[in-house]
Amino acid sequence: MAEFPKVSKLSSQHQKPVGLVLQYGTAGFRTNAKLLDHIMFRMGLLATLRSKKTKATIGVMVTASHNPEEDNGVKLVDPMGEMVTPAWEGYATQLANAEQDDLLTALKDIIEKEAINMSQGANVFVGKDTRSSSAALSQAVLDGVSALDGHSKDYGLVTTPQLHYMVCCQNTQGKYGDATVEGYYHKLCQAFIQLTKNASNCTDDQKHLSVDGANGIGALKLREMESRLKRELQISLFNDGSKGKLNHQCGADFVKVQQKPPTGLTINPGERGCSFDGDADRIVYYYTDSEGQFHLLDGDKIATLISTYLKELLTQAGLDLKIAVVQTAYANGSSTHYLENTMKLIVRCAKTGVKHLHHAAQEFDIGVYFEANGHGTVLFSKAAEEKIQQLTEDPNTNDERKRAALLLQSTINVINQTVGDAISDMLLIEAILTIKGMTVQQWDAIYSDLPNRQLKVKVSDRRVIDTTDAERRAVSPAGLQEAIDSLVKKYKQARSFVRPSGTEDVVRVYAEAETQESTDALAHEVSLAVYRLAGGVGDEPKPLH
Ligand code: NG1
Ligand code: ZN
(Lines give C-alpha, C1' and ligand atoms only; values in the text may rest on other atoms or scores of the structure.)
(Ligands and ions follow the chains in the order given, each with its own letter.)
Protein backbone atom coordinates (compact mmCIF):
# COMPACT_ATOMS: atom_id res chain seq x y z
CA MET A 1 0.00 0.00 0.00
CA ALA A 2 1.08 3.59 -0.68
CA GLU A 3 3.06 5.46 1.97
CA PHE A 4 1.21 8.78 1.89
CA PRO A 5 4.22 11.12 2.11
CA LYS A 6 1.95 14.19 2.04
CA VAL A 7 0.01 12.91 5.06
CA SER A 8 3.27 12.36 6.96
CA LYS A 9 4.52 15.80 6.12
CA LEU A 10 1.33 17.74 6.85
CA SER A 11 0.39 15.74 9.93
CA SER A 12 3.67 16.81 11.55
CA GLN A 13 2.25 20.35 11.46
CA HIS A 14 -0.87 19.11 13.30
CA GLN A 15 0.67 16.97 16.04
CA LYS A 16 -1.43 15.05 18.51
CA PRO A 17 -0.64 15.72 22.19
CA VAL A 18 0.74 12.42 23.52
CA GLY A 19 -1.77 10.38 25.49
CA LEU A 20 -4.81 12.56 24.70
CA VAL A 21 -7.93 10.44 24.17
CA LEU A 22 -11.18 11.90 22.84
CA GLN A 23 -14.44 10.20 21.86
CA TYR A 24 -16.80 10.96 18.97
CA GLY A 25 -19.74 11.96 21.20
CA THR A 26 -23.45 12.57 20.70
CA ALA A 27 -22.64 15.12 17.99
CA GLY A 28 -18.97 14.75 17.07
CA PHE A 29 -15.78 15.70 18.93
CA ARG A 30 -16.14 18.58 21.30
CA THR A 31 -13.70 20.01 23.84
CA ASN A 32 -11.42 22.96 24.55
CA ALA A 33 -10.31 24.41 21.19
CA LYS A 34 -6.63 24.15 22.17
CA LEU A 35 -6.83 20.34 22.05
CA LEU A 36 -8.40 20.04 18.62
CA ASP A 37 -5.87 20.93 15.90
CA HIS A 38 -4.82 17.31 15.21
CA ILE A 39 -8.47 16.16 15.39
CA MET A 40 -9.44 18.64 12.68
CA PHE A 41 -6.58 17.58 10.41
CA ARG A 42 -7.51 13.94 10.86
CA MET A 43 -11.22 14.60 10.26
CA GLY A 44 -10.14 16.19 6.98
CA LEU A 45 -8.42 12.89 6.17
CA LEU A 46 -11.42 10.84 7.25
CA ALA A 47 -13.92 12.97 5.32
CA THR A 48 -11.78 12.46 2.22
CA LEU A 49 -11.85 8.69 2.70
CA ARG A 50 -15.60 8.79 3.32
CA SER A 51 -16.03 10.80 0.12
CA LYS A 52 -14.00 8.26 -1.87
CA LYS A 53 -15.99 5.42 -0.33
CA THR A 54 -19.41 6.93 -1.00
CA LYS A 55 -18.37 8.59 -4.28
CA ALA A 56 -20.15 11.66 -3.00
CA THR A 57 -19.48 15.00 -1.35
CA ILE A 58 -18.98 14.90 2.44
CA GLY A 59 -19.29 17.85 4.87
CA VAL A 60 -17.16 18.87 7.82
CA MET A 61 -18.53 21.52 10.18
CA VAL A 62 -16.26 23.20 12.72
CA THR A 63 -18.41 24.19 15.69
CA ALA A 64 -19.08 23.42 19.33
CA SER A 65 -22.73 24.46 19.09
CA HIS A 66 -24.01 25.64 22.50
CA ASN A 67 -20.72 25.07 24.35
CA PRO A 68 -18.75 28.05 25.70
CA GLU A 69 -16.69 30.20 23.31
CA GLU A 70 -13.41 28.55 24.44
CA ASP A 71 -14.53 25.14 23.18
CA ASN A 72 -14.76 23.93 19.65
CA GLY A 73 -15.74 20.74 17.87
CA VAL A 74 -16.32 19.01 14.58
CA LYS A 75 -19.24 17.20 12.99
CA LEU A 76 -19.10 15.06 9.84
CA VAL A 77 -21.96 15.21 7.34
CA ASP A 78 -22.89 12.23 5.15
CA PRO A 79 -24.04 12.48 1.49
CA MET A 80 -27.75 13.17 2.00
CA GLY A 81 -26.94 15.77 4.64
CA GLU A 82 -27.44 13.39 7.55
CA MET A 83 -25.02 12.72 10.41
CA VAL A 84 -22.19 10.32 9.56
CA THR A 85 -23.04 6.63 9.99
CA PRO A 86 -22.10 4.93 13.35
CA ALA A 87 -19.39 2.64 11.88
CA TRP A 88 -17.54 5.73 10.69
CA GLU A 89 -17.94 7.40 14.08
CA GLY A 90 -15.86 4.45 15.29
CA TYR A 91 -13.20 5.13 12.63
CA ALA A 92 -13.26 8.80 13.62
CA THR A 93 -12.43 7.83 17.21
CA GLN A 94 -9.65 5.43 16.10
CA LEU A 95 -8.07 8.00 13.84
CA ALA A 96 -8.40 10.79 16.40
CA ASN A 97 -6.69 8.79 19.13
CA ALA A 98 -3.84 7.18 17.16
CA GLU A 99 -0.50 8.45 18.49
CA GLN A 100 1.51 10.47 15.98
CA ASP A 101 3.68 7.51 14.88
CA ASP A 102 0.65 5.26 14.43
CA LEU A 103 -1.40 7.62 12.28
CA LEU A 104 -0.52 6.05 8.93
CA THR A 105 -1.26 2.57 10.26
CA ALA A 106 -4.66 3.73 11.53
CA LEU A 107 -5.37 5.36 8.18
CA LYS A 108 -4.38 2.27 6.20
CA ASP A 109 -6.49 0.13 8.50
CA ILE A 110 -9.63 2.08 7.57
CA ILE A 111 -8.73 2.02 3.87
CA GLU A 112 -8.34 -1.74 4.02
CA LYS A 113 -11.43 -2.47 6.10
CA GLU A 114 -13.61 -0.36 3.83
CA ALA A 115 -11.79 -1.47 0.67
CA ILE A 116 -11.45 2.14 -0.44
CA ASN A 117 -10.26 2.79 -3.95
CA MET A 118 -7.68 5.52 -3.40
CA SER A 119 -7.70 6.55 -7.04
CA GLN A 120 -11.35 7.61 -6.68
CA GLY A 121 -11.80 11.40 -6.49
CA ALA A 122 -12.99 13.11 -3.28
CA ASN A 123 -14.90 16.29 -2.52
CA VAL A 124 -15.32 17.81 0.94
CA PHE A 125 -17.39 20.86 1.93
CA VAL A 126 -16.12 22.72 5.00
CA GLY A 127 -17.96 25.27 7.16
CA LYS A 128 -17.26 27.02 10.44
CA ASP A 129 -19.01 28.97 13.19
CA THR A 130 -17.96 32.37 14.59
CA ARG A 131 -15.64 31.16 17.38
CA SER A 132 -12.21 32.81 17.31
CA SER A 133 -10.60 29.35 17.10
CA SER A 134 -12.70 28.25 14.12
CA ALA A 135 -10.58 29.85 11.37
CA ALA A 136 -7.37 27.98 12.24
CA LEU A 137 -9.24 24.76 12.97
CA SER A 138 -11.10 24.77 9.66
CA GLN A 139 -7.75 25.37 7.93
CA ALA A 140 -6.52 22.20 9.64
CA VAL A 141 -9.49 20.32 8.13
CA LEU A 142 -8.63 21.71 4.68
CA ASP A 143 -5.00 20.59 5.19
CA GLY A 144 -6.25 17.08 5.96
CA VAL A 145 -8.26 16.98 2.74
CA SER A 146 -5.34 18.21 0.66
CA ALA A 147 -2.98 15.67 2.32
CA LEU A 148 -4.99 12.96 0.55
CA ASP A 149 -5.34 15.05 -2.60
CA GLY A 150 -9.06 15.55 -2.09
CA HIS A 151 -10.90 18.51 -3.53
CA SER A 152 -12.43 20.90 -1.00
CA LYS A 153 -14.78 23.84 -0.95
CA ASP A 154 -14.59 26.21 1.98
CA TYR A 155 -17.99 27.78 2.70
CA GLY A 156 -16.49 29.89 5.48
CA LEU A 157 -18.99 31.13 8.03
CA VAL A 158 -22.23 29.13 7.78
CA THR A 159 -24.69 27.62 10.24
CA THR A 160 -24.44 23.86 10.79
CA PRO A 161 -27.76 23.22 8.98
CA GLN A 162 -26.66 25.37 6.05
CA LEU A 163 -23.63 23.13 5.57
CA HIS A 164 -25.83 20.01 5.75
CA TYR A 165 -28.09 21.61 3.16
CA MET A 166 -25.17 22.34 0.79
CA VAL A 167 -24.00 18.73 0.99
CA CYS A 168 -27.48 17.42 0.16
CA CYS A 169 -27.95 19.89 -2.73
CA GLN A 170 -24.59 18.92 -4.19
CA ASN A 171 -25.24 15.19 -3.99
CA THR A 172 -28.72 15.44 -5.48
CA GLN A 173 -27.36 17.46 -8.42
CA GLY A 174 -29.36 20.49 -7.39
CA LYS A 175 -32.71 18.67 -6.96
CA TYR A 176 -32.84 19.72 -3.31
CA GLY A 177 -31.79 23.27 -4.20
CA ASP A 178 -28.75 25.28 -5.16
CA ALA A 179 -25.62 24.46 -3.11
CA THR A 180 -25.05 28.11 -2.23
CA VAL A 181 -25.99 30.28 0.74
CA GLU A 182 -27.91 32.42 -1.72
CA GLY A 183 -29.80 29.33 -2.94
CA TYR A 184 -30.67 28.43 0.65
CA TYR A 185 -32.14 31.89 1.36
CA HIS A 186 -34.03 31.87 -1.90
CA LYS A 187 -35.65 28.47 -1.35
CA LEU A 188 -36.68 29.09 2.26
CA CYS A 189 -37.90 32.66 1.83
CA GLN A 190 -39.83 31.85 -1.32
CA ALA A 191 -41.61 28.99 0.46
CA PHE A 192 -42.34 31.16 3.50
CA ILE A 193 -43.89 33.88 1.32
CA GLN A 194 -45.97 31.28 -0.54
CA LEU A 195 -47.21 29.89 2.76
CA THR A 196 -48.20 33.20 4.30
CA LYS A 197 -49.41 35.17 1.29
CA ASN A 198 -53.08 34.29 1.62
CA ALA A 199 -53.32 34.56 5.39
CA SER A 200 -55.67 37.49 5.70
CA ASN A 201 -56.09 37.72 9.44
CA CYS A 202 -52.53 38.64 10.36
CA THR A 203 -51.91 42.08 11.90
CA ASP A 204 -48.55 43.86 11.87
CA ASP A 205 -48.22 43.13 15.59
CA GLN A 206 -48.45 39.44 14.90
CA LYS A 207 -45.77 39.72 12.24
CA HIS A 208 -43.21 40.83 14.80
CA LEU A 209 -40.70 38.41 16.31
CA SER A 210 -37.73 39.03 18.63
CA VAL A 211 -34.80 36.72 17.97
CA ASP A 212 -31.87 36.00 20.29
CA GLY A 213 -28.99 35.02 18.00
CA ALA A 214 -26.83 33.67 20.90
CA ASN A 215 -24.08 36.02 19.62
CA GLY A 216 -23.32 33.39 17.02
CA ILE A 217 -23.46 32.43 13.38
CA GLY A 218 -27.27 32.25 13.32
CA ALA A 219 -27.45 35.99 13.98
CA LEU A 220 -25.09 36.75 11.08
CA LYS A 221 -27.06 34.58 8.69
CA LEU A 222 -30.44 35.89 9.80
CA ARG A 223 -29.19 39.42 9.13
CA GLU A 224 -28.30 38.37 5.59
CA MET A 225 -31.76 37.00 4.86
CA GLU A 226 -33.87 39.45 6.89
CA SER A 227 -34.59 41.91 4.09
CA ARG A 228 -36.18 39.18 1.97
CA LEU A 229 -38.82 38.65 4.65
CA LYS A 230 -39.41 42.24 5.62
CA ARG A 231 -43.06 42.55 4.75
CA GLU A 232 -44.12 39.13 5.97
CA LEU A 233 -42.02 38.86 9.11
CA GLN A 234 -40.54 41.72 11.08
CA ILE A 235 -37.55 40.56 13.03
CA SER A 236 -35.84 42.38 15.90
CA LEU A 237 -32.49 40.72 16.30
CA PHE A 238 -30.74 40.71 19.70
CA ASN A 239 -27.43 39.18 20.76
CA ASP A 240 -26.17 39.54 17.22
CA GLY A 241 -22.51 39.09 18.17
CA SER A 242 -21.61 42.77 17.88
CA LYS A 243 -20.76 43.00 21.60
CA GLY A 244 -21.77 39.98 23.70
CA LYS A 245 -19.98 36.68 24.11
CA LEU A 246 -21.14 33.55 22.25
CA ASN A 247 -23.76 31.52 24.20
CA HIS A 248 -23.03 33.53 27.34
CA GLN A 249 -26.27 34.06 29.29
CA CYS A 250 -28.15 33.67 26.05
CA GLY A 251 -29.04 31.17 23.34
CA ALA A 252 -31.43 28.23 23.22
CA ASP A 253 -29.53 26.04 25.68
CA PHE A 254 -29.33 28.77 28.33
CA VAL A 255 -33.04 29.54 27.99
CA LYS A 256 -34.10 25.88 28.08
CA VAL A 257 -31.91 24.83 31.00
CA GLN A 258 -32.36 28.01 33.09
CA GLN A 259 -36.01 28.37 32.12
CA LYS A 260 -35.59 32.12 31.87
CA PRO A 261 -35.25 34.72 29.10
CA PRO A 262 -31.80 35.43 27.66
CA THR A 263 -30.02 38.57 28.76
CA GLY A 264 -29.75 41.27 26.14
CA LEU A 265 -33.28 40.78 24.80
CA THR A 266 -36.19 43.06 25.54
CA ILE A 267 -39.73 42.10 24.65
CA ASN A 268 -43.05 43.36 25.91
CA PRO A 269 -45.40 41.08 27.85
CA GLY A 270 -47.29 38.76 25.53
CA GLU A 271 -44.89 39.19 22.59
CA ARG A 272 -43.08 36.18 21.26
CA GLY A 273 -39.36 35.67 21.19
CA CYS A 274 -37.10 32.83 20.20
CA SER A 275 -33.49 31.81 20.82
CA PHE A 276 -31.06 30.03 18.50
CA ASP A 277 -28.07 28.11 19.79
CA GLY A 278 -24.44 28.81 18.83
CA ASP A 279 -24.56 27.05 15.45
CA ALA A 280 -28.26 27.66 14.76
CA ASP A 281 -29.47 24.08 14.71
CA ARG A 282 -31.72 24.52 17.76
CA ILE A 283 -34.55 26.88 18.56
CA VAL A 284 -36.90 27.52 21.48
CA TYR A 285 -39.74 30.04 21.75
CA TYR A 286 -41.04 31.94 24.77
CA TYR A 287 -43.05 34.86 26.08
CA THR A 288 -43.63 36.60 29.39
CA ASP A 289 -47.20 37.12 30.54
CA SER A 290 -48.68 40.27 32.08
CA GLU A 291 -47.75 39.00 35.57
CA GLY A 292 -44.13 38.70 34.53
CA GLN A 293 -44.26 34.90 34.43
CA PHE A 294 -41.92 33.36 31.84
CA HIS A 295 -43.37 30.68 29.51
CA LEU A 296 -41.09 28.41 27.50
CA LEU A 297 -42.22 26.70 24.30
CA ASP A 298 -39.60 24.02 23.76
CA GLY A 299 -39.05 21.28 21.18
CA ASP A 300 -42.07 19.33 22.46
CA LYS A 301 -44.39 22.30 21.97
CA ILE A 302 -42.86 22.90 18.54
CA ALA A 303 -43.39 19.26 17.52
CA THR A 304 -46.98 19.49 18.72
CA LEU A 305 -47.70 22.66 16.74
CA ILE A 306 -46.13 21.27 13.56
CA SER A 307 -47.69 17.80 13.75
CA THR A 308 -51.14 19.21 14.51
CA TYR A 309 -50.85 21.56 11.53
CA LEU A 310 -49.68 18.77 9.21
CA LYS A 311 -52.39 16.40 10.34
CA GLU A 312 -55.05 19.03 9.62
CA LEU A 313 -53.62 19.66 6.17
CA LEU A 314 -53.53 15.95 5.38
CA THR A 315 -57.18 15.65 6.36
CA GLN A 316 -58.12 18.67 4.22
CA ALA A 317 -56.13 17.27 1.31
CA GLY A 318 -57.75 13.87 1.74
CA LEU A 319 -54.32 12.25 1.78
CA ASP A 320 -53.82 9.02 3.67
CA LEU A 321 -50.21 9.39 4.81
CA LYS A 322 -48.74 7.90 7.95
CA ILE A 323 -47.52 10.67 10.23
CA ALA A 324 -45.57 10.14 13.44
CA VAL A 325 -43.79 12.19 16.08
CA VAL A 326 -40.40 11.04 17.35
CA GLN A 327 -39.26 12.25 20.77
CA THR A 328 -36.65 11.27 23.34
CA ALA A 329 -37.02 10.31 26.99
CA TYR A 330 -36.61 14.03 27.80
CA ALA A 331 -39.95 14.87 26.16
CA ASN A 332 -42.38 16.24 28.68
CA GLY A 333 -44.90 13.55 29.66
CA SER A 334 -47.77 15.94 28.95
CA SER A 335 -46.70 16.33 25.34
CA THR A 336 -46.55 12.58 24.77
CA HIS A 337 -49.93 12.17 26.41
CA TYR A 338 -51.48 14.92 24.29
CA LEU A 339 -50.02 13.65 21.02
CA GLU A 340 -51.07 10.06 21.64
CA ASN A 341 -54.42 10.50 23.32
CA THR A 342 -55.85 13.74 21.95
CA MET A 343 -54.18 13.99 18.57
CA LYS A 344 -54.18 10.20 18.07
CA LEU A 345 -50.75 10.40 16.49
CA ILE A 346 -48.12 7.67 16.48
CA VAL A 347 -45.38 8.61 18.95
CA ARG A 348 -41.96 6.94 19.08
CA CYS A 349 -39.21 7.37 21.64
CA ALA A 350 -35.61 7.31 20.38
CA LYS A 351 -32.25 7.58 22.11
CA THR A 352 -30.86 11.08 22.72
CA GLY A 353 -29.00 12.56 19.75
CA VAL A 354 -30.67 13.68 16.56
CA LYS A 355 -29.14 10.91 14.49
CA HIS A 356 -31.35 8.44 16.38
CA LEU A 357 -34.47 10.56 15.98
CA HIS A 358 -33.75 11.18 12.31
CA HIS A 359 -33.40 7.47 11.71
CA ALA A 360 -36.67 6.66 13.51
CA ALA A 361 -38.53 9.41 11.63
CA GLN A 362 -37.46 7.94 8.27
CA GLU A 363 -39.79 4.99 8.85
CA PHE A 364 -42.92 7.07 8.24
CA ASP A 365 -44.45 8.99 5.36
CA ILE A 366 -44.07 12.09 7.50
CA GLY A 367 -41.82 11.98 10.56
CA VAL A 368 -41.79 15.01 12.86
CA TYR A 369 -38.85 14.73 15.23
CA PHE A 370 -37.74 17.07 17.99
CA GLU A 371 -35.60 16.85 21.08
CA ALA A 372 -37.08 18.78 24.00
CA ASN A 373 -34.15 21.18 23.72
CA GLY A 374 -35.42 22.41 20.35
CA HIS A 375 -33.37 20.38 17.91
CA GLY A 376 -35.48 18.84 15.19
CA THR A 377 -37.13 18.91 11.81
CA VAL A 378 -39.68 17.08 9.65
CA LEU A 379 -38.93 14.33 7.14
CA PHE A 380 -41.15 13.53 4.16
CA SER A 381 -40.70 10.22 2.35
CA LYS A 382 -40.21 10.35 -1.39
CA ALA A 383 -43.60 8.67 -1.85
CA ALA A 384 -45.30 11.30 0.34
CA GLU A 385 -43.71 14.15 -1.60
CA GLU A 386 -44.83 12.57 -4.87
CA LYS A 387 -48.43 12.10 -3.70
CA ILE A 388 -48.59 15.73 -2.58
CA GLN A 389 -47.10 16.88 -5.88
CA GLN A 390 -49.62 14.80 -7.88
CA LEU A 391 -52.50 16.29 -5.96
CA THR A 392 -51.37 19.84 -6.73
CA GLU A 393 -51.37 18.92 -10.43
CA ASP A 394 -54.59 16.90 -10.53
CA PRO A 395 -57.23 18.81 -12.54
CA ASN A 396 -60.02 16.94 -10.73
CA THR A 397 -59.00 18.08 -7.24
CA ASN A 398 -61.47 20.42 -5.56
CA ASP A 399 -60.36 23.82 -4.25
CA GLU A 400 -60.07 22.84 -0.61
CA ARG A 401 -57.95 19.79 -1.35
CA LYS A 402 -55.80 21.74 -3.78
CA ARG A 403 -55.21 24.55 -1.28
CA ALA A 404 -54.13 22.02 1.35
CA ALA A 405 -51.85 20.24 -1.12
CA LEU A 406 -50.24 23.53 -2.15
CA LEU A 407 -49.69 24.46 1.50
CA LEU A 408 -48.12 21.04 2.10
CA GLN A 409 -45.84 21.58 -0.86
CA SER A 410 -44.65 24.97 0.38
CA THR A 411 -44.26 23.48 3.85
CA ILE A 412 -41.90 20.86 2.43
CA ASN A 413 -39.88 23.63 0.79
CA VAL A 414 -39.55 25.76 3.91
CA ILE A 415 -38.22 22.80 5.89
CA ASN A 416 -34.56 21.82 5.92
CA GLN A 417 -35.02 18.06 5.94
CA THR A 418 -31.33 17.32 6.31
CA VAL A 419 -31.11 18.30 9.99
CA GLY A 420 -32.73 20.51 12.66
CA ASP A 421 -32.38 24.12 11.52
CA ALA A 422 -33.25 27.12 13.72
CA ILE A 423 -33.85 29.46 10.78
CA SER A 424 -36.01 27.00 8.85
CA ASP A 425 -37.91 25.90 11.98
CA MET A 426 -38.52 29.54 12.85
CA LEU A 427 -39.98 30.24 9.40
CA LEU A 428 -42.18 27.17 9.61
CA ILE A 429 -43.48 28.06 13.07
CA GLU A 430 -44.11 31.66 12.06
CA ALA A 431 -45.95 30.48 8.95
CA ILE A 432 -48.14 28.09 10.96
CA LEU A 433 -49.03 30.78 13.51
CA THR A 434 -49.88 33.15 10.66
CA ILE A 435 -51.96 30.63 8.72
CA LYS A 436 -53.85 29.55 11.83
CA GLY A 437 -54.13 33.14 13.13
CA MET A 438 -52.80 31.79 16.41
CA THR A 439 -51.08 33.72 19.19
CA VAL A 440 -48.15 32.35 21.15
CA GLN A 441 -50.45 32.08 24.19
CA GLN A 442 -52.94 29.95 22.25
CA TRP A 443 -50.10 27.76 21.06
CA ASP A 444 -48.84 27.41 24.63
CA ALA A 445 -52.31 26.50 25.86
CA ILE A 446 -52.52 23.36 23.67
CA TYR A 447 -51.29 21.42 26.70
CA SER A 448 -49.59 22.28 30.01
CA ASP A 449 -46.11 20.98 30.71
CA LEU A 450 -45.56 18.84 33.76
CA PRO A 451 -43.02 20.45 36.11
CA ASN A 452 -39.60 18.99 35.28
CA ARG A 453 -35.99 19.20 36.38
CA GLN A 454 -32.65 18.19 34.90
CA LEU A 455 -29.60 17.72 37.12
CA LYS A 456 -26.01 16.58 36.56
CA VAL A 457 -24.05 14.20 38.79
CA LYS A 458 -20.28 13.80 38.60
CA VAL A 459 -19.07 10.21 38.80
CA SER A 460 -15.60 8.71 38.34
CA ASP A 461 -16.58 6.82 35.19
CA ARG A 462 -19.96 7.57 33.63
CA ARG A 463 -19.71 4.48 31.43
CA VAL A 464 -20.71 2.32 34.43
CA ILE A 465 -24.26 3.40 33.61
CA ASP A 466 -25.76 1.34 30.85
CA THR A 467 -29.33 1.91 29.68
CA THR A 468 -32.06 0.23 27.67
CA ASP A 469 -35.56 1.05 26.34
CA ALA A 470 -34.45 4.27 24.59
CA GLU A 471 -32.49 5.23 27.71
CA ARG A 472 -35.54 5.13 29.95
CA ARG A 473 -34.20 2.33 32.16
CA ALA A 474 -30.75 1.68 33.63
CA VAL A 475 -29.47 -1.91 33.42
CA SER A 476 -26.27 -1.16 35.33
CA PRO A 477 -24.96 -0.54 37.96
CA ALA A 478 -26.88 -3.14 39.93
CA GLY A 479 -29.69 -1.78 42.05
CA LEU A 480 -29.88 1.66 40.44
CA GLN A 481 -33.06 1.11 38.44
CA GLU A 482 -34.78 -0.51 41.45
CA ALA A 483 -33.82 2.53 43.54
CA ILE A 484 -35.24 4.90 40.89
CA ASP A 485 -38.44 2.85 40.62
CA SER A 486 -39.11 3.03 44.33
CA LEU A 487 -38.42 6.79 44.46
CA VAL A 488 -40.75 7.44 41.51
CA LYS A 489 -43.54 5.55 43.30
CA LYS A 490 -43.55 8.17 46.08
CA TYR A 491 -44.87 10.93 43.79
CA LYS A 492 -47.90 11.52 41.57
CA GLN A 493 -47.53 11.59 37.75
CA ALA A 494 -43.84 11.00 38.32
CA ARG A 495 -41.17 9.76 35.94
CA SER A 496 -37.40 9.76 36.21
CA PHE A 497 -34.42 8.31 34.37
CA VAL A 498 -30.65 8.69 34.26
CA ARG A 499 -28.12 8.36 31.44
CA PRO A 500 -24.47 9.21 30.82
CA SER A 501 -24.12 12.40 28.77
CA GLY A 502 -22.54 12.04 25.34
CA THR A 503 -21.17 15.57 25.33
CA GLU A 504 -20.12 16.24 28.94
CA ASP A 505 -18.38 14.18 31.61
CA VAL A 506 -21.52 13.87 33.76
CA VAL A 507 -24.53 11.64 34.39
CA ARG A 508 -27.78 13.42 33.56
CA VAL A 509 -30.78 13.01 35.84
CA TYR A 510 -34.28 13.84 34.61
CA ALA A 511 -37.42 13.99 36.73
CA GLU A 512 -40.98 15.17 36.27
CA ALA A 513 -43.97 15.04 38.58
CA GLU A 514 -47.24 16.73 39.47
CA THR A 515 -45.71 19.71 41.28
CA GLN A 516 -42.37 21.51 41.03
CA GLU A 517 -41.71 20.71 44.68
CA SER A 518 -42.12 16.96 44.25
CA THR A 519 -40.20 17.11 40.94
CA ASP A 520 -37.24 18.78 42.64
CA ALA A 521 -37.35 16.35 45.57
CA LEU A 522 -37.44 13.39 43.18
CA ALA A 523 -34.59 14.77 41.03
CA HIS A 524 -32.48 15.23 44.13
CA GLU A 525 -33.22 11.76 45.52
CA VAL A 526 -32.39 10.13 42.18
CA SER A 527 -29.15 12.16 42.01
CA LEU A 528 -28.21 10.77 45.42
CA ALA A 529 -28.91 7.23 44.24
CA VAL A 530 -26.63 7.81 41.23
CA TYR A 531 -23.95 9.31 43.45
CA ARG A 532 -24.05 6.36 45.83
CA LEU A 533 -24.49 3.50 43.37
CA ALA A 534 -22.52 4.74 40.35
CA GLY A 535 -19.33 6.06 41.96
CA GLY A 536 -20.08 9.74 42.62
CA VAL A 537 -17.14 12.10 43.06
CA GLY A 538 -16.89 15.38 44.98
CA ASP A 539 -19.59 16.50 47.39
CA GLU A 540 -22.88 14.63 47.70
CA PRO A 541 -25.69 16.30 45.71
CA LYS A 542 -27.55 18.81 47.90
CA PRO A 543 -31.33 19.32 47.98
CA LEU A 544 -32.55 22.06 45.64
CA HIS A 545 -34.48 23.91 48.31
P1 NG1 B 1 -26.01 14.72 25.95
O2 NG1 B 1 -24.88 15.51 26.55
O3 NG1 B 1 -25.62 13.40 25.37
O4 NG1 B 1 -27.17 14.68 26.88
C5 NG1 B 1 -26.83 16.91 24.62
C6 NG1 B 1 -28.33 17.05 24.55
C7 NG1 B 1 -28.82 16.30 23.34
C8 NG1 B 1 -28.13 16.74 22.07
C9 NG1 B 1 -26.63 16.77 22.27
C10 NG1 B 1 -25.85 17.34 21.12
C11 NG1 B 1 -29.99 17.07 26.37
C12 NG1 B 1 -30.51 16.39 27.56
N13 NG1 B 1 -28.98 16.47 25.74
O14 NG1 B 1 -26.51 15.54 24.68
O15 NG1 B 1 -30.20 16.43 23.25
O16 NG1 B 1 -28.62 17.97 21.61
O17 NG1 B 1 -26.24 17.47 23.46
O18 NG1 B 1 -25.76 18.73 21.12
O19 NG1 B 1 -30.48 18.14 26.02
ZN1 ZN C 1 -26.22 23.30 17.92
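**Entry 1: the shell of ligand 1**

I began with ligand 1 and sorted the shell around it by class: two nonpolar, eight polar and four charged residues. For this sorting, Ala, Val, Leu, Ile, Met, Phe, Trp, Tyr, Cys and Pro are nonpolar, Asp, Glu, Lys and Arg are charged, and the others, Gly among them, are polar. I noted that this is a predicted model, in which local features need pLDDT of at least 70 and side-chain atom pairs pLDDT 80 or more, while totals for chains, interfaces and linings use all residues. Residues are numbered from 1 along each chain as its sequence is written, chains are lettered from A and ligands numbered from 1 in the order written, and side-chain values use heavy atoms, without hydrogens and water.

Which residues are closest to ligand 1? I found Arg499, Ser501, Gly502, Thr503 and Arg508, out of 14 that surround ligand 1. A residue is near a molecule if one of its heavy atoms lies within 4 Å of it.

Next I looked up N and O atoms of the protein beside oxygen atoms of ligand 1. Glu371 places a polar side-chain atom 2.8 Å from one such oxygen. Gly502 uses a backbone N or O atom, at 2.6 Å. Arg508 has a side-chain N or O atom 2.6 Å from an oxygen of ligand 1. I then checked the cover: ligand 1 taken alone exposes 430 Å², and the protein buries 92% of that. These areas come from the Shrake-Rupley method with a 1.4 Å probe.

I followed Arg499 one step further. Its side chain shares a polar contact of 3.1 Å with the side chain of Glu471. A polar contact is a pair of N or O atoms within 3.5 Å; within protein, one must be able to donate a hydrogen and the other to accept it, and residues adjacent in sequence count only if both atoms are side-chain atoms. Glu471 sits in the loop between strand E16 (466-468) and E17. Helices (H or I, at least four residues) and strands (E, at least two) are DSSP runs, numbered from the N terminus. Glu471 counts as buried, at 9% relative accessibility. Buried means under 20% relative accessible area, exposed over 50%, and partly exposed in between (1.4 Å probe, protein chains only).

**Entry 2: the zinc ion**

I moved to ligand 2, the zinc ion. Its protein donors are Ser65 (OG), Asp277 (OD), Asp279 (OD) and Asp281 (OD), lying 2.0 to 2.1 Å from the ion. Donors are N, O and S atoms within 2.8 Å of the metal (3.2 Å for Na, K and Ca); water is not among the atoms, so sites may look incomplete.

Why is the arrangement of the four donor atoms irregular? I read the angles: they run from 85 to 170°, which makes the arrangement irregular. In sequence I wrote the spacing of the donor residues as S-x211-D-x1-D-x1-D. Ser65 lies in the loop between strand E2 (57-62) and strand E3 (71-77), and Asp281 in the loop between strand E8 (273-276) and strand E9 (283-288), so the pair ties together parts 216 residues apart in sequence. I found both Ser65 and Asp281 buried.

**Entry 3: helix H8 and the loop before it**

I took helix H8 (residues 217-226) next. Seven of its ten residues are buried, so the helix is largely enclosed by the rest of the structure. Among the buried ones I listed Ile217, Lys221 and Glu226. Arg223 is also in H8, but I found it partly exposed, with a relative accessible area of 41%.

Asn215 lies in the loop between strand E6 (208-212) and H8. Phi of Asn215 is near 55°, a positive value in a residue other than glycine. Is Asn215 buried or exposed? I noted it as buried, at 8% relative accessibility.

**Entry 4: other backbone points**

Lys55 also has a positive phi, about 55°, although it is not a glycine. I placed Lys55 in the loop between helix H2 (37-54) and E2. Lys55 is exposed, with a relative accessible area of 62%.

I found a cis peptide bond between Ser476 and Pro477, with omega about 0°. Pro477 is in the loop between strand E17 (473-476) and helix H17 (480-488).

**Entry 5: two buried residues**

Gln327 belongs to strand E11 (residues 323-328). I recorded Gln327 as buried, with a relative accessible area of 3%. Its side chain makes a polar contact of 2.9 Å with the side chain of Thr336.

Thr93 is in helix H3 (residues 86-97), and I recorded it as buried at 15%. From Thr93 to Phe29 I read 8.7 Å, C-alpha to C-alpha, across 64 residues in sequence.

Technical notes:
Tetrahedral: all angles 85-135°; square planar, octahedral: opposite > 155°, others 65-115°.
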